[in-house]
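Let us take a walk through a protein model together, one piece at a time. Have the picture ready and turn it as you read.

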Amino acid sequence: MIVVLTGAPGAGKGTQADILVEKSGFRKLSTGDALRKHVKLGTEIGKLAGAIMERGELVPDDVLFKILRAELGTDKGELLLLDGYPRNVAQAETLATLAEVHPVKVAVHLDVSKDELVSRLSGRRVCGGCGATYHVASNPPRMSGVCDKCGGAVVQRADDKAEAVAVRLDVYEKNTRPVLDYYAKKGLYKKVDGAGGADVVFGRLKGMIDAL
Ligand code: AP5
């Protein structure tokens, strides 16, 4: 069973997915993390995707489907959190073709205002080693620039620079927002208020998922 976690860049999808994995027995599949791994390893997919991601645009659908198929597995009973997929209606339709093994139970939209998105993205820092996420104001590492978890260097993601953030927010409005309507028409859409601290948002999210 799949829970799709959707929302604009910076809405807190990755943050909430990590808490859900820790506390609620889900496995997370983040297409952004999978792509960044390809870039780091210098695979063919990584070579194709790196520059596209840095500009804030979407990587082609066929590449994403390959990643999805490779990461989904065949366990029908598994609780899966999809973070970052689908990003457009074509991807949502592709996901629906896998429903026999991986039906979408709900698409949860983390709803956050544009000003807050920009503030979260501009202040985000990530560990180049283990991928842990920080924020300069709300969640800084104990020692500036050093990851609490692995001691790696904590840096700004290339696509969190102002120019790429503007492109990503625009791409979200044009391509991903229609996905919300797609799931609403199927009766699978739920909105969760993403404002407030990560623990407060998690309380809302967990309450909604437990009620399913
Ligand atoms: P991806 O990695 O999926 O990026 P995104 O969707 O833009 O989402 P983000 O990771 O930026 O934000 P988030 O919602 O996870 O927020 P986070 O929890 O980190 O994709 C990157 C790129 O890969 C795309 O642009 C595209 O090129 C490509 N790609 C990926 N999937 C694709 C697909 N399916 N098709 C085509 N291309 C694809 O939080 C953000 C910050 O806010 C952090 O600093 C965090 O500490 C802080 N924060 C989180 N929650 C709170 C809170 N409640 N209060 C205060 N601060 C908070």
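Which residue in β6 is the bridge partner of Arg125? Before answering, keep in mind that what you see is a predicted model. The partner you are looking for is Tyr134. This pair belongs to a wider pattern: strand β5, made of residues 124–127, is joined to β6 by three bridges, and the two strands run antiparallel. Another place to look is Val126, which stands opposite Thr133 in β6.

Now follow the chain from β5 into β6. These strands form a hairpin with five residues between them, and in this hairpin Gly131 takes a positive phi near 85°. For comparison, most residues other than glycine have a negative phi.

Next, turn to the other neighbour of β5. Strands β5 and β7 also pair in the antiparallel sense, here over two bridges. Val126 takes part again, since its bridge partner in β7 is Val155. Put these pairings together and you have an open sheet of three strands in the order β6-β5-β7, with antiparallel pairing. Why do β6 and β7 each have one side without a neighbour in the sheet? Both β6 (133–135) and β7 (154–155) stand at the edges and have a single partner strand each, so one side of each is left free of a neighbour there.

A helix joins this picture too. Helix α6, residues 114–123, packs on the sheet and touches β5 and β6, and its direction makes about 40° with that of β5. Within α6 you can find Glu116. Is Glu116 buried, partly exposed or exposed? Its relative accessibility is 32%, so Glu116 counts as partly exposed. If you then look for Tyr189, you will find that Glu116 and Tyr189 are 73 residues apart in sequence and 23 Å apart in space, C-alpha to C-alpha.

Let us move to a pair of helices. Two packed helices are described by the angle between their axes and the distance between the axes. For helix α4 (residues 61–72) and helix α5 (residues 89–96), the axes come within 11 Å and cross at roughly 35°. This crossing of α4 and α5 is right-handed. Where the helices meet, α4 brings Asp61, Leu64, Phe65 and Leu68, while α5 brings Ala90, Gln91, Thr94 and Leu95. Sorted by class, the contact of α4 with α5 has five nonpolar, two polar and one charged residues.

Just ahead of α5 there is a detail worth finding. Pro86 sits in the loop between β3 (80–83) and α5. A cis peptide bond, with omega about 0°, joins Tyr85 and Pro86. By contrast, most peptide bonds are trans.

Finally, look at the cysteines. How many disulfides does the model contain? The count comes to zero. Cys147 is in no disulfide, and the nearest cysteine sulfur, that of Cys130, is 3.7 Å away. With a relative accessible area of 4%, Cys147 is buried. Why does Cys150 not bond with the closest cysteine sulfur? That sulfur is in Cys127 and lies 3.5 Å from the sulfur of Cys150, which is too far for a bond, because a disulfide needs the two sulfur atoms within 2.5 Å. Cys150 is partly exposed, with a relative accessible area of 44%.

Notes:
Residues numbered from 1 in each chain as written. Predicted model: local features only at pLDDT ≥ 70, side-chain atom pairs only at ≥ 80, totals over all residues. Heavy atoms only, no water. Pairing = 2+ DSSP bridges. Helix = DSSP H or I, 4+ residues; strand = E, 2+ residues; numbered from the N terminus. Contact = heavy atoms within 4.5 Å. Axes fitted to C-alpha atoms, helices over the stretch in contact; angles between N-to-C directions. Left-handed = near helix turned anticlockwise from the far one by under 90°. Nonpolar A, V, L, I, M, F, W, Y, C, P; charged D, E, K, R; others polar. Buried < 20%, exposed > 50% of the residue type's maximum accessible area, 1.4 Å probe, protein only.
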